[in-house]
Amino acid sequence: MKGVIFNRYGSPDVLEYTDVTKPSPTAKQLLVKVVASSVNPLDCKIRRGMLKVITGNNFPLCLGHDFSGEVVEIGEEIANFQLGDQVYGFFNPGSGKAYGEYMVITPQCLSPKPENLTHSQAAAVPLAASTALQGLRNKAKVKKGQTVLINGASGGVGTFAVQIAKAYQAEVTGVCSGKNIPLVKELGADYTIDYSQENFTENGRQYDIIFDVVCNSSFRKCQKSLTPQGVYLTLAPGFSSIVDGFLSFFSGKQSKLLLVEPQVKDLAELKDLLEQGKVKPIIDKTYQLSEIMAAHTYSETDRVVGKIIVEV
Ligand SMILES: NC(=O)c1ccc[n+]([C@@H]2O[C@H](COP(=O)([O-])OP(=O)(O)OC[C@H]3O[C@@H](n4cnc5c(N)ncnc54)[C@H](OP(=O)(O)O)[C@@H]3O)[C@@H](O)[C@H]2O)c1
């Protein structure tokens with residue numbers, strides 16, 4: 001079968017579209033024929049070697065976290081799935097293998113695909129939308145009427161975060177560049193801030209939740225922009241998030257870090273939101289799997305609006 005591998009860490013040109021061995025499922029796995037995947041910044045970080053502690057040096061390595069496709073083989077210990085099921089989901093961060101015609105996966109990482117979406121549309125959803133949902137609902141505990149600021153509202157996670165915060169009936173402010181303001185308003189944001197014109201940490205306003213999707217701020221910088229019990233939420237693990245967590249210990253305000261993980265119930269909740277029309281995927285560009293280098297190169301411009309799809 002055709003797939004994408006890489007034999008050393010580096011720029012997008014380390015990616016090879018080539019013949020690879022078709023995987024076989026164990027008793028606890030499903031074999032899925034992949035119709036579409038996506039590019040997450042996580043895939044690029046792994047390719048560059050930024051997660052070496054997890055991914056190691058046992059080359060060749062594979063990539064691709066999101067997938068949408070069809071179940072074509074079922075391990076004998078698995079119940080509740082049938083051949084031909086149309087499914088979507090994502091791999092645990094660091095273990096993605098969806099850039100190939102077939103992949104094996106455990107049932108904890110997938111759910112039936114939203115019926116109103118094509119496979120290409122569905123592949124935009126799993127990791128980015130689960131990040132938005134787990135961040136807002138589990139970490140920040142978003143409630144009706146709360147004020148939520150999404151920093152990075154036009155990207156893969158941000159476009160879902162705006163819509164999910166609105167679905168939870170929050171009042172949403174989206175921060176993005178001027179050119180993306182019409183999109184962020186169309187997604188439901190009540191207010192928008194063009195970051196080239198205004199610094200949200202210095203405008204005197206306060207929010208119950210600041211979701212720093214682009215991770216270019218910090219709890220320290222955002223503290224005075226949070227309401228007394230406000231939550232600052234970041235997606236960037238590291239020294240800064242540890243210091244922020246420590247500082248928040250002495251304040252009524254909280255600093256939280258989310259590391260997304262696949263959850264069947266979350267994929268099912270997202271399926272409902274998508275089928276009800278409360279959330280929709282925004283797709284910037286679509287590439288073929290053979291064009292994976294170009295897809296990664298585009299992702300690394302940091303100008304992606306919504307998601308990049310990879311058709312297999
Ligand atoms: N911890 C986790 O579990 C987890 C999960 C998912 C993602 N992440 C991380 O979260 C980050 C965002 O992911 P993503 O998929 O949303 O990335 P993305 O789609 O590549 O983000 C691109 C967007 O970022 C916006 N942007 C760039 N500079 C900005 C700025 N200064 N202020 C506001 N927006 C800005 C761009 O909008 P403009 O063109 O308008 O500037 C663009 O729309 C990545 O670092 C990713 O690795 C972490």
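This report looks at how two helices pack in a predicted model and at the residues around its ligand.

## How helix 4 meets helix 5

Let's start with the helix pair. Helix 4 spans residues 126–139 and helix 5 spans residues 156–167; their axes come within 8 Å and cross at roughly 50°. That angle makes helix 4 oblique to helix 5. The crossing of the two helices is right-handed.

On the helix 4 side, the contact is made by Ala128, Ala129, Thr131, Ala132, Leu133 and Leu136. Their partners in helix 5 are Gly156, Val157, Phe160, Ala161, Ile164 and Ala165. By character, the residues of this contact comprise 10 nonpolar and 2 polar, with no charged residue among them.

## The shell around the ligand

Now for the ligand, which has 30 residues around it. The closest are Gly155, Gly156, Ser177, Leu235 and Val260. Gly156 is also one of the helix 5 residues that meet helix 4.

Which elements each supply at least two residues of the shell? They are helix 1 (41–48), helix 4, helix 5 and strand 10 (171–176). Helix 5 gives the most, with 3 residues. In the shell, 16 residues are nonpolar, 12 are polar and 2 are charged.

## Where the ligand sits

Two domains take part here. Domain 1 covers 2–125 + 281–311, while domain 2 covers 128–257. Why does the ligand lie between them? Because domain 1 and domain 2 both give residues to the shell around the ligand.

Terms used. Residues numbered from 1 in each chain as written. Predicted model: local features only at pLDDT ≥ 70, side-chain atom pairs only at ≥ 80, totals over all residues. Axes fitted to C-alpha atoms, helices over the stretch in contact; angles between N-to-C directions. Helix = DSSP H or I, 4+ residues; strand = E, 2+ residues; numbered from the N terminus. Parallel < 35°, antiparallel > 145°, perpendicular 65-115°, else oblique. Left-handed = near helix turned anticlockwise from the far one by under 90°. Contact = placed C-beta atoms within 7 Å. Nonpolar A, V, L, I, M, F, W, Y, C, P; charged D, E, K, R; others polar. Near = placed C-beta within 6 Å. Domains from an automatic or database assignment.
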